[in-house]
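Subject: Handover of a structure, with findings

Dear colleague,

With this message I am handing over a structure for your attention. Please look through it first; my account of what was found follows below.

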Amino acid sequence: MARSWERMVRKNTKNVNKARKKQGQQVIGASRDAKSDVDRYIGRNLILPITLVAFGLLYALLYSGADQKISLALFWATVGLYIFLGVVIFLRRPCISVGKSSVGTRRFNRDVRLDASQIKDITVQKGYVVIGTKAKGSNWVFSRLMNRYDTVVIGERLKEFARINNVPFEER
């Protein structure tokens with residue numbers, strides 16, 4: 001089935017199930033979950049949030065005692081926004097989703113998906129998973145050091161994905 005058709009079926013099933021629950025009837029398709037075919041791996045971004053909070057605190061330390069003609073409200077807003085941005089980036093965890101025929105992640109604050117036909121190759125190294133793209137743009141790199149991904153588990157899942165979808169897979 002095409003993805004648009006699957007989305008339409010899921011949406012209609014959800015609406016019908018909502019009505020059936022209100023009537024006390026058994027829901028349709030309860031044995032299989034719509035998201036059961038997608039494996040989602042979540043990391044943790046530490047370096048950028050720590051850097052932003054450190055910049056905010058450093059800015060507060062260096063310029064708080066200086067006799068400069070700056071607006072006090074603007075000064076504290078700048079410090080607060082650096083810290084706020086660090087907290088928001090810390091709480092918004094990076095992720096990679098591996099489905100039947102696609103791989104998705106969050107890039108520049110938007111969800112991006114690559115179909116198997118758009119993937120040039122998959123390379124798994126110690127601490128890194130690299131997904132090469134055929135499209136214009138850079139490769140997707142998932143790192144244990146930068147984003148605290150469990151690269152061993154992701155590598156095993158992508159190995160299975162590559163075997164099913166005939167994508168070149170290399171393990172170094």
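Arginine 172 is a suitable place to begin, and with a relative accessibility of 62% it counts as exposed. Please bear in mind throughout that the model is a predicted one.

Salt bridges

Arginine 172 has a charged partner in glutamate 170: the two form a salt bridge in which the closest N and O atoms are 2.9 Å apart. Glutamate 170 is partly exposed, at 35% relative accessibility. As a general point, side chains of opposite charge can pair when their charged atoms come close.

How many salt bridges does the structure hold? The total is four, and two others deserve a description here.

One of them joins glutamate 171 to lysine 159, with 3.8 Å between the closest N and O atoms. Glutamate 171 belongs to strand β8, which covers residues 169-171, while lysine 159 belongs to helix α5, residues 151-165; the pair therefore ties together parts that are twelve residues apart in sequence. Lysine 159 is partly exposed, its relative accessibility being 39%.

Another salt bridge brings together the side chains of arginine 106 and aspartate 111, at 3.8 Å from N to O. Arginine 106 has a relative accessible area of 23% and is partly exposed, whereas aspartate 111, at 65%, is exposed.

The sheet and helix α5

Strand β8 also takes part in an open sheet of four strands, arranged in the order β7-β6-β5-β8 with mixed pairing. The edges are held by β7 (140-143) and β8; each has a single partner strand, so one side of each is left without a neighbour in the sheet. From one strand to the next, the twist averages 10°.

Within this sheet, β6 (residues 128-133) and β7 run antiparallel and are joined by four bridges. Opposite tryptophan 140 in β7 stands isoleucine 131.

Helix α5 lies across β5 (119-125), β6, β7 and β8, and runs at about 35° to β6. Two residues of this helix, in addition to lysine 159, may help you to find your way around it.

- Threonine 151 is found in α5. Is threonine 151 buried or exposed? Its relative accessible area is 5%, and since buried means under 20%, threonine 151 is buried. Leaving aside residues up to four places away in sequence, threonine 151 touches Gly127, Tyr128, Val129, Phe142, Ser143 and Arg144.
- Glutamate 160 lies in α5 as well, and is partly exposed at 38% relative accessibility. Glutamate 160 and lysine 100 are 60 residues apart in sequence, yet their C-alpha atoms are 9.9 Å apart in space.

Loops on either side of α5

Two residues in loops call for a remark on their backbone angles. Arginine 148, in the loop between α4 and α5, has a positive phi of about 55° although it is not a glycine. Arginine 148 is partly exposed, with a relative accessible area of 37%.

Asparagine 166 is placed in the loop between α5 and β8. Its phi is also positive, near 55°, in a residue other than glycine. At 69% relative accessibility, asparagine 166 counts as exposed.

A nonpolar patch on the surface

Finally, I would draw your attention to a nonpolar patch on the surface. It is formed by Leu46, Ile47, Ile50, Val87, Phe90, Leu91, Tyr128, Val141, Leu145 and Met146, which together have about 890 Å² of accessible area. Elements that give two or more residues to this patch are α2 (47-63), α3 (72-91) and α4 (144-147).

Which element gives the most to the nonpolar patch? That element is α3, with three residues. Phenylalanine 90 lies in helix α3 and is partly exposed, at 32% relative accessibility. Tyr128 appears twice in this account, as a member of the patch and as one of the residues that threonine 151 touches.

With kind regards

Definitions and conventions: Residues are numbered from 1 along each chain as its sequence is written. This is a predicted model: local features need pLDDT of at least 70, side-chain atom pairs count only at pLDDT 80 or more; totals for chains, interfaces and linings use all residues. Side-chain values use heavy atoms; hydrogens and water are left out. Buried means under 20% relative accessible area, exposed over 50%, partly exposed in between (1.4 Å probe, protein chains only). Two strands pair if DSSP finds at least two bridges between them. Axes are lines fitted to C-alpha atoms, for helices over the stretch in contact, and angles run from 0 to 180 degrees between N-to-C directions. Contact means heavy atoms within 4.5 Å. Patches are made of residues with over 30% relative accessible area and no salt bridge: like charges are joined within 9 Å, nonpolar side chains (Val, Leu, Ile, Met, Phe, Trp, Tyr) within 5 Å. Accessible areas come from the Shrake-Rupley method with a 1.4 Å probe; for residues, only the protein chains shown count as cover.
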